[in-house]
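Notebook open, model loaded. I wanted to go through the sheet, the helix packing and a few single residues, and jot down what I found.

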Amino acid sequence: MISKSQDIKMVDLQTQYHHIKDEIDSGIAQVISTGAFVNGPPVKQFAKDLETYLEVAKVVPCGNGTDALQIALMALGLQPGDEVITVAFTFVATAEVIALLGLKPVFVDIDPETFNIDVAQIEAKITEKTKCIIPVHLFGQCSNMEAIMEIANKHNLAVIEDNAQAIGSEYIFEDGTTKKAGAIGHIGTTSFYPSKNLGCYGDGGALFSNDAELGEKIRLIANHGQKVKYHYSEIGVNSRLDSFQAVVLNAKLKHLDDYANKRRAAADYYDNAFANHDAITTPIRSASSTHVFHQYTLLVDGDRDALQATLKEKGIPSMVYYPHPLHLEPAYLGYGYKEGDLPVTEEYAKKVISLPMHTELTEEQLEHITKMVLNSIDA
Ligand SMILES: Cc1ncc(COP(=O)(O)O)c(C=O)c1O
């Protein structure tokens, strides 16, 4: 039996906090005592440290990952009617900001092995209106960035990496060199939503770029398009990371690689427990990316919803990311998609289930979770 004190959570931020409590508590007290709540020293420090970590020229913190995507598209100067290629198997934010700016989301199916955009299907979707590709590094591993950059260069397209789920993962090029996820395209974006691998205690996000001109434009747009106070060179937005959130992120960034190792160890445990089970497909690890396991997502043959209900009864949380492909959601039907257009996306929406994944999972908990999953499936 799992004791009450070992209640299994999808994400356990409280236990994680106890390891970094002193740094966070003193940093927050300092923000209060100095009154530098917005764009204070912790925000500047975080941007600098994240630049070093990601090896990018410019990091611009912002309010959340959705804003980051919107600001990225604004910085590229896309015009209404321009087309942006992305996936329908993602959190809604990726497609939402495209639509919100009057651009057209063009959905490409996913690769059945990695859950990421199927690069073999991108070129067929390119028209003279296509201006940008947004690959989403889903669940913690990079899309095939080498192929994506090749297609983008050939067709003169911009690439925004939606790196909300894969911060810290590394893309491995064919020649063996590596780059951090988000540092390969023209712009990278991320979210620091609490449950993310690098999560704050509220909302937060950031954009990264190695292009100095784009980096400066992003900085201006995130700050009302204001270059000199009360002078506006761009139409912008107000999107800021606050100093409290930066304190949390500064404390956690130092541990990000260790957090990824802990997640990978939990994933290894799951992989071993479910190996060779006929009804379960464990996540396939891409040869061209490290995996930071934002989610540990199984494909289940059979009644996925019944499995989820049984696990819930036994006190095991699970989530379905994502149950409704975006191209078939009412808000996006106007773009002309119908059932059958993205077969892998549609099939996977019915088969995926994500198990508890965080930095604090104990072997006892993992043993209990895997036992319950296997019992439920074999029942
Ligand atoms: C792939 C992806 N893109 C964008 C976002 C949006 O981030 P936020 O919730 O910080 O706006 C998320 C967050 O859930 C995400 O998972």
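My entries follow, starting with the sheet.

**Entry 1: the sheet**

I should say at the start that this is a predicted model. I looked up the strand order and got S12-S13-S14, an open sheet of three strands with antiparallel pairing. S12 and S14 are the edge strands, each with a single partner, so one side of each has no neighbour in the sheet. Helix H8 (residues 256-274) packs on this sheet and touches S12, S13 and S14. I noted about 20° between the direction of H8 and that of S13.

Next I checked the pairings. S12 (residues 280-281) pairs with S13 over two bridges, in the antiparallel sense. Here isoleucine 280 sits opposite valine 300 of S13. On to S14 (residues 352-355): its pairing with S13 is antiparallel too and runs over four bridges. I wrote down two of the opposite numbers: threonine 297 has serine 354 in S14 as its bridge partner, and tyrosine 296 stands opposite leucine 355.

**Entry 2: is S13 buried or exposed?**

Buried: five of the five residues in S13 (residues 296-300) are, so the strand is largely enclosed by the rest of the structure. I then asked which residues point to which side. Tyr296, Leu298 and Val300 are on one side, Thr297 and Leu299 on the other, and all of them are buried, so both faces are covered. That fits the rule that side chains in a regular strand alternate between the two faces of the sheet.

**Entry 3: H9 and H10 by the sheet**

Helix H9 (residues 304-313) lies across S13 and S14, and I get about 25° between H9 and S14. For H10, I listed the buried residues: Val344, Thr345, Glu346, Tyr348 and Ala349. The cover over them includes S13, H9 and S14.

I picked threonine 345 for a closer look; it belongs to H10 (residues 343-351). Its relative accessibility is 0%, so it counts as buried. Skipping neighbours within four places in sequence, I found threonine 345 in contact with Ala88, Phe89, Asp109, Ile110, Pro325 and His327.

Then serine 318, in the loop between H9 and H10. What does 9% relative accessibility make serine 318? Buried, because the cut-off is under 20%. Beyond its neighbours within four places in sequence, serine 318 contacts Met10, Gln308, Leu311, Ile353 and Ser354. I recognised Ser354 there as the bridge partner of threonine 297.

**Entry 4: H3 against H6**

For packed helices I note the angle between the axes and the distance between them. H3 (residues 65-75) and H6 (residues 212-222) give about 120°, with 9 Å between the axes. The two are therefore oblique to each other. The crossing is right-handed.

Which residues meet? From H3 I have Ile71, Met74 and Ala75; from H6, Leu214, Lys217, Ile218, Ile221 and Ala222. By type, this contact comes out as seven nonpolar, no polar and one charged.

**Entry 5: H1 against H7**

Another helix pair: H1 (residues 13-34) and H7 pack at about 130°, axes 9 Å apart. That angle makes H1 oblique to H7. H1 passes H7 in a right-handed crossing. On the H1 side of the contact I listed Leu13, Gln16, Ile20, Glu23, Ile24, Gly27, Ile28, Val31 and Ile32. The H7 side has Ser243, Phe244, Val247, Val248, Asn250, Ala251 and Lys252. I sorted the contact residues of H1 with H7 into ten nonpolar, four polar and two charged.

**Entry 6: serine 239**

Where is serine 239? I found it in the loop between strand S11 (231-232) and helix H7 (243-253). At 4% relative accessibility, serine 239 counts as buried. Neighbours within four places in sequence aside, its contacts are Pro61, Cys62, Gly63, Asn64, Asp67, Ile71 and Ala222. Two of those names I already had from Entry 4: Ile71 in H3 and Ala222 in H6.

Last, a distance. I took serine 239 and serine 26, which are 213 residues apart along the chain, and got 26 Å between their C-alpha atoms.

Note on methods:
Residues are numbered from 1 along each chain as its sequence is written. This is a predicted model: local features need pLDDT of at least 70, side-chain atom pairs count only at pLDDT 80 or more; totals for chains, interfaces and linings use all residues. Side-chain values use heavy atoms; hydrogens and water are left out. Axes are lines fitted to C-alpha atoms, for helices over the stretch in contact, and angles run from 0 to 180 degrees between N-to-C directions. Angles under 35 degrees count as roughly parallel, over 145 as roughly antiparallel, 65 to 115 as roughly perpendicular and the rest as oblique. A crossing is left-handed if the near helix is turned anticlockwise from the far one by less than a right angle, and right-handed if clockwise. Contact means heavy atoms within 4.5 Å. Ala, Val, Leu, Ile, Met, Phe, Trp, Tyr, Cys and Pro count as nonpolar, Asp, Glu, Lys and Arg as charged, and the others, Gly among them, as polar. Buried means under 20% relative accessible area, exposed over 50%, partly exposed in between (1.4 Å probe, protein chains only). Two strands pair if DSSP finds at least two bridges between them.
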